[in-house]
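Welcome! Open your viewer, get ready to select residues by number, and follow along stop by stop.

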Amino acid sequence: MGQIFELIADQALETLDSYYTECHICERENLDLYTYQGKYVMKNGEIDDDLYALCEECIKNKAVSHICDFQYIKTIKGYLESENLGEKEKEILKQQLTDKYQKTPDIPIFLQYTDRPLCCKDITEFKGYPKDNPDLYQKTGSFIYWEKKTIANKPEAYNFKNTGPPESLREVATFHCKHCNKNYFTFQF
Ligand SMILES: [Zn+2]
Ligand SMILES: [Zn+2]
């Protein structure tokens with residue numbers, strides 16, 4: 001479990017480069033900034049929807065939400081529907097998981113839509129991208145392929161050993177469930 005963000009392993013956490021100098025909410029400089037495309041409700045009730053670089057504190061403590069968050073909230077709902085849960089538990093979990101998601105920066109960058117795998121009634125932790133082709137073949141060969149929900153068979157096109165690696169290894173993101181130790185991967189290009 002990440003020490004800074006629960007859903008991102010520390011070694012997979014990336015700060016923004018020096019092009020970004022201050023947090024878009026608190027405007028402090030000289031601190032680690034993380035990519036977060038979203039909006040937040042200011043004290044006067046106005047909405048600032050032009051966020052890109054935020055510090056840890058603002059991500060965790062301000063009322064921030066991701067751009068297009070409805071997409072992933074729908075995925076959370078769909079996942080919880082497929083679990084055998086009572087109405088009340090489902091509602092509580094949906095709120096908890098949505099909060100966790102909103103308090104996590106956009107790491108990894110999903111090229112199409114946010115799709116952190118869900119497992120054991122929780123969101124899995126991002127562990128990083130494959131570091132080289134052998135690592136890619138090993139992980140995508142043994143990890144569970146995830147696309148909005150677990151599907152039994154990964155598309156043959158994602159057997160990278162046969163088809164060759166994707167254009168960038170960063171198109172493949174790996175995740176780990178801390179409850180059952182299952183590993184997942186997503187592939188978006
Ligand atoms: Zn800040
Ligand atoms: Zn699990």
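Is Ile109 buried, partly exposed or exposed? Select Ile109 and look around: 14 other C-beta atoms lie within 10 Å. A residue needs 20 or more to be buried and 12 or fewer to be exposed, so Ile109 is partly exposed. Please keep in mind throughout that you are looking at a predicted model.

**Stop 1: around Ile109**

Ile109 belongs to the loop that runs between helix 3 (87-102) and strand 4 (118-119). Now add Thr174 to your selection. Along the sequence, Ile109 and Thr174 are 65 residues apart, and from C-alpha to C-alpha they are 12 Å apart in space.

Next, select Ile107 and Pro108. The peptide bond joining Ile107 and Pro108 is cis, with omega about 0 degrees. Pro108 sits in the loop between helix 3 and strand 4, which is also the place of Ile109.

**Stop 2: the whole protein**

Zoom out until everything fits on your screen. The protein has 5 helices and 10 strands. Its C-alpha atoms fill a box of roughly 55 × 45 × 25 Å along the principal axes.

How does the radius of gyration agree with that of a compact globule? For 189 residues, such a globule would have a value near 16 Å; the protein has 17 Å, so the two agree. Of the 189 residues, 29% count as buried. Now think about contacts between residues with a separation of 6 or more: 63% of them come from residues 24 or more positions apart.

**Stop 3: a sheet of three strands**

Select strand 1 (residues 33-41) and strand 2 (residues 47-55). These two strands run antiparallel and are joined by 6 bridges. Try picking out some facing residues: Thr35 stands opposite Ala53 of strand 2, and Val41 has Ile47 of strand 2 as its bridge partner.

Now follow the chain around the hairpin of strand 1 and strand 2. There are 5 residues between the strands, and Gly45 takes a positive phi near 90 degrees.

Add strand 3 (64-66) to the selection. Strand 1 and strand 3 pair in the antiparallel sense over 3 bridges. Two pairs to click on are Gly38 with its bridge partner His66 in strand 3, and Lys39 with Ser65.

Seen together, the 3 strands form an open sheet in the order 2-1-3, with antiparallel pairing. Which strands stand at the edges? Strand 2 and strand 3 do; each has a single partner strand, so one side of each is left without a neighbour in the sheet. Rotate the view to see how the sheet turns: on average, neighbouring strands are turned by 50 degrees against each other, direction ignored. While you are here, a general point may help you: strands of a sheet pair through backbone hydrogen bonds, either parallel or antiparallel.

**Stop 4: two crossing helices**

Select helix 2 (residues 69-82) together with helix 3. Their axes come within 10 Å and cross at roughly 145 degrees. The crossing of helix 2 and helix 3 is right-handed.

Show the side chains where the helices meet. On helix 2, the contact is made by Asp69, Tyr72, Ile73, Ile76, Lys77 and Leu80. On helix 3, look for Lys90, Leu93, Lys94, Leu97, Thr98, Tyr101 and Gln102. Colour the residues of this contact by type and you will find 7 nonpolar, 2 polar and 4 charged.

**Stop 5: two residues with positive phi**

Go to Cys120, in the loop between strand 4 and strand 5 (122-123). Cys120 has a positive phi of about 50 degrees, although it is not a glycine. With 13 C-beta neighbours inside 10 Å, Cys120 counts as partly exposed.

Then jump to Asn181, found in the loop between strand 9 (172-176) and strand 10 (183-187). Asn181 is not a glycine, yet its phi is positive too, at about 65 degrees. Is Asn181 buried or exposed? Asn181 has 9 C-beta neighbours inside 10 Å, so it counts as exposed.

**Stop 6: Asp135**

For the last stop, select Asp135 in helix 4 (residues 133-142). Asp135 has 15 other C-beta atoms within 10 Å, so it is partly exposed. Finally, add Lys178: Asp135 and Lys178 are 43 residues apart in sequence and 21 Å apart in space, C-alpha to C-alpha.

Conventions
Residues numbered from 1 in each chain as written. Chains lettered and ligands numbered in written order. Predicted model: local features only at pLDDT ≥ 70, side-chain atom pairs only at ≥ 80, totals over all residues. Helix = DSSP H or I, 4+ residues; strand = E, 2+ residues; numbered from the N terminus. Axes fitted to C-alpha atoms, helices over the stretch in contact; angles between N-to-C directions. Left-handed = near helix turned anticlockwise from the far one by under 90°. Contact = placed C-beta atoms within 7 Å. Nonpolar A, V, L, I, M, F, W, Y, C, P; charged D, E, K, R; others polar. Rg over C-alpha atoms; globule rule 2.2 N^0.38 Å. Pairing = 2+ DSSP bridges.
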